[in-house]
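Work through the exercises below with the sequence and the coordinates open. Each task is followed by a solution in steps.

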Amino acid sequence: MAVDSILSSPLGPPVCEKDAKALRFIEEMTRNADAVQANVLAEILTRNAQTEYLKSFDFDGATDRETFKSKIPMVTYEDLQPLIQRIANGDRSPILSAHPVSEFLTSSGTSAGERKLMPTIKEELDRRQLLYSLLMPVMNLYVKGLDKGKGLYFLFIKSETKTPGGLLARPVLTSYYKSEHFKTRPYDPYNVYTSPNEAILCPDSFQSMYSQMLCGLYEREQVLRVGAVFASGLLRAIRFLQLNWQELVEDIRTGSLNPKLTDPSIRECMIRVVRPDPYLADFIEKECSKENWERIITRIWPNTKYLDVIVTGAMAQYIPTLDYYSGGLPKACTMYASSECYFGLNLNPMCKPSEVSYTIMPNMAYFEFLPHEPNSTRDSPSRLVDLADVEIGKEYELVITTYAGLYRYRVGDILRVTGFHNSAPQFQFVRRKNVLLSIDSDKTDEAELQAAVERASKLLREFNTSVVEYTSYADTTTIPGHYVIYWELLGKDDSGNSPSDSVLEQCCLAMEESLNSVYRQCRVADNSIGPLEIRVVTNGTFEELMDYAISRGASINQYKVPRCVSFTPIMELLDSRVVSTHFSPSLPHWKSGTRNDVARGGEIKKIRE
Ligand code: AMP
């Protein structure tokens, strides 16, 4: 097969035989999407025929789609939670999967305020690895010469815990970075990182970030791409540089290592990296001490061809800030994945963020699609559509059946079909269902926000004051970003006993205490979310908001106060009515692992208006 025509790249054939093989694989999978899907389903059902779960539906060892579709229900995490809990408690019988559960992956989605636990099996690592191995061959079609330099990627592990039954519970990327697949990956000239494994694998996030940044600075001329998993992670790295450049410069000038780097494996590795380079130190000092940090990425790493960060979905809110720091470098969104399953990749990674479509790889799992009609309550599994049968322009909710033992599981993502690559559909990520606010990996839904407002407003009772209306906004013009909640208050007595600034500050904290554990972990351990802010608006503001919506065509009968806003004129209206602003005075409670903060000090910084 002629591989150079595979991805309609303007740049011609694959750069090496390894890439050609990867591209052939993509081609083969996408050409035969439906047949691959049938095989995947049969394989999953065959091997798991004796599981408690499948047996409970009288499945009788069937492996065909029709029986599967007629007998197996569509489920959510909550439906599976009792079974997952049994596995977590140490039940090793084949409950969901015939293969032993090797660990739990902690999703950033929450259930009852806590992270979801996704059971996984060992061989899933191979599948994830396979998807990763396709990314650079595609990128090499669009960007030439990536073998002539390195990637500065800020990658981190997070704390892990053990379930009562002794299985590890940790984020999927922590699991991957700690695996032999990653640690002993073969040398690939097109995929060399500036960060040594020791720096990525250091559990202390300050030392990890510091050493990765130091390596990136030493190798500034070689860096051809700069990245992190999500846009928020790259911005945290820039903020880290703002806070710590003096110490980094000192190390570079003297060739010594900051005594804050205490981890023995980091020290041993970094001692081989540091060397006195006064010229470089002067340069970094000159750039970082300037008041204006616009284009700092291209000033420090002048050969950067693109940023490798996901800016689709909730991360789109960071595009203006990334453009500010990078002078508008292309932003490559390479893949679409979750703790439950890695889904697919972007075959045109240098396209604009608004045009990103992910091609779901049919070998990764069995995929079905629930037509998404916002006000429909007909969530019957009979309406599920197969991968090869989705229609261009329509929106669907993603439903997966995985090798690890999730059957017709609702991921919660809404996708829109934009086209096909061969017979495999391509999807734009539209949004996550029910997520109102997100800054980093946190996801806050309407019910959680409502509960938080209710909890905080209890503090106003003694002042005879209530919250009559509220809405929210994810403010990403600060680093880290933070939640802003607009409150319209009603005081019911005229005695002048209104809530003071410190009471409203306590309201901010009470809201944070009420939010889910991922939010609180981002706030406390990762410092990737700043203190929550309440902006009190004048009486009548929400009525004005309604008038505005009606003037733009909303129906007066059906009007509902939006619980989250982002449309500029509405923001301007709200902000013009603000009478006071209040920030959470301290960190909410979070049961910590062991790690230190990346950016010590809780202050947030305004980057742009
Ligand atoms: P987690 O299970 O915590 O890894 O979160 C997975 C979720 O992150 C997915 O279900 C999506 O909602 C979101 N996500 C992952 N990759 C992308 C992407 N490329 N674009 C937009 N959202 C994404």
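**Exercise 1. An annotated span**

At which residues does UniProt place the feature "domain: GH3 C-terminal"?

Solution. The UniProt record, an unreviewed entry, places this feature at residues 448-567. UniProt positions are given in the numbering used here, feature names are shortened, and annotations may be inferred rather than shown by experiment. Residues are numbered from 1 along each chain as its sequence is written, and side-chain values use heavy atoms, with hydrogens and water left out. The model is predicted: local features need pLDDT of at least 70, side-chain atom pairs count only at pLDDT 80 or more, and totals for chains, interfaces and linings use all residues.

Next, describe the span. Its end C-alpha atoms lie 22 Å apart, and its content is 38% helix and 23% strand. Helices (H or I, at least four residues) and strands (E, at least two) are DSSP runs, numbered from the N terminus.

**Exercise 2. The nonpolar cores**

State how many residues the largest nonpolar core has, and which of them have the most contacts inside it.

Solution. Start with the term: a nonpolar core is a set of buried Ala, Val, Leu, Ile, Met, Phe, Trp, Tyr and Cys residues joined through side-chain atoms within 4.5 Å. Buried means under 20% relative accessible area, exposed over 50%, and partly exposed in between (1.4 Å probe, protein chains only). The largest core has 174 residues, and those with the most contacts inside it are Leu 241, Phe 367, Phe 369, Leu 398, Trp 487 and Met 511. Its largest share, eleven residues, comes from helix 11 (residues 231-254). A second, separate core has 14 residues, among them Val 484, Tyr 486, Leu 545 and Tyr 559. As background, nonpolar side chains tend to be buried together in soluble globular proteins.

Now take Leu 398 and leave aside its neighbours within four places in sequence. With contact meaning heavy atoms within 4.5 Å, the partners of Leu 398 include Tyr 336, Phe 343, Ile 360, Phe 367, Phe 369 and Arg 410.

**Exercise 3. Helix 11**

Compare the expected span of helix 11 with the distance between its end C-alpha atoms.

Solution. The expected span is 1.5 Å times one less than the number of residues. For the 24 residues of helix 11 this gives 34 Å, and the end C-alpha atoms are 33 Å apart, which agrees. Then check for a bend, which is the angle between axes fitted to the seven residues ending at a position and the seven starting there. Helix 11 bends by about 70° at Asn 244. As for cover, 18 of the 24 residues of helix 11 are buried. Gly 255 follows the helix, with a positive phi near 75°.

**Exercise 4. Helix 18**

How many of the residues of helix 18 are buried, and what covers them?

Solution. Ten of the ten residues of helix 18 (residues 517-526) are buried. Charged residues appear in the list, including Arg 520, Arg 523 and Asp 526. The cover includes strand 1 (101-111), strand 2 (114-121), helix 11, strand 19 (482-491) and helix 17 (501-514).

**Exercise 5. Salt bridges**

Find the salt bridges of Glu 52 and Glu 397, and state whether the residues are buried or exposed.

Solution. A salt bridge is a side-chain nitrogen of Lys or Arg within 4 Å of a carboxyl oxygen of Asp or Glu. The whole structure contains 41 of them.

1. Glu 52 pairs with Arg 86 at 2.8 Å, N to O. The pair links helix 3 (residues 52-55) to helix 5 (residues 77-88), 34 residues apart. Glu 52 is partly exposed at 32% relative accessibility, and Arg 86 is partly exposed at 30%.
2. Glu 397 pairs with Arg 410, the closest N and O atoms being 2.9 Å apart. Glu 397 is in strand 14 (residues 395-401) and Arg 410 in strand 15 (residues 409-421). Both residues are buried.
3. A network of salt bridges links Asp 34, Arg 65, Lys 69, Glu 368, Asp 386 and Arg 408.

**Exercise 6. Backbone exceptions**

Which peptide bond is cis, and where is Pro 480?

Solution. Most residues other than glycine have a negative phi, and most peptide bonds are trans. The cis bond joins Ile 479 and Pro 480, with omega about -10°. Pro 480 lies in the loop between strand 18 (478-479) and strand 19.

For phi, Ala 112 is positive at about 50°. Ala 112 is in the loop between strand 1 and strand 2 and is exposed at 80% relative accessibility. Asn 434 has a positive phi near 65°, lies in the loop between strand 16 (424-432) and helix 16 (446-457), and is exposed at 53%.
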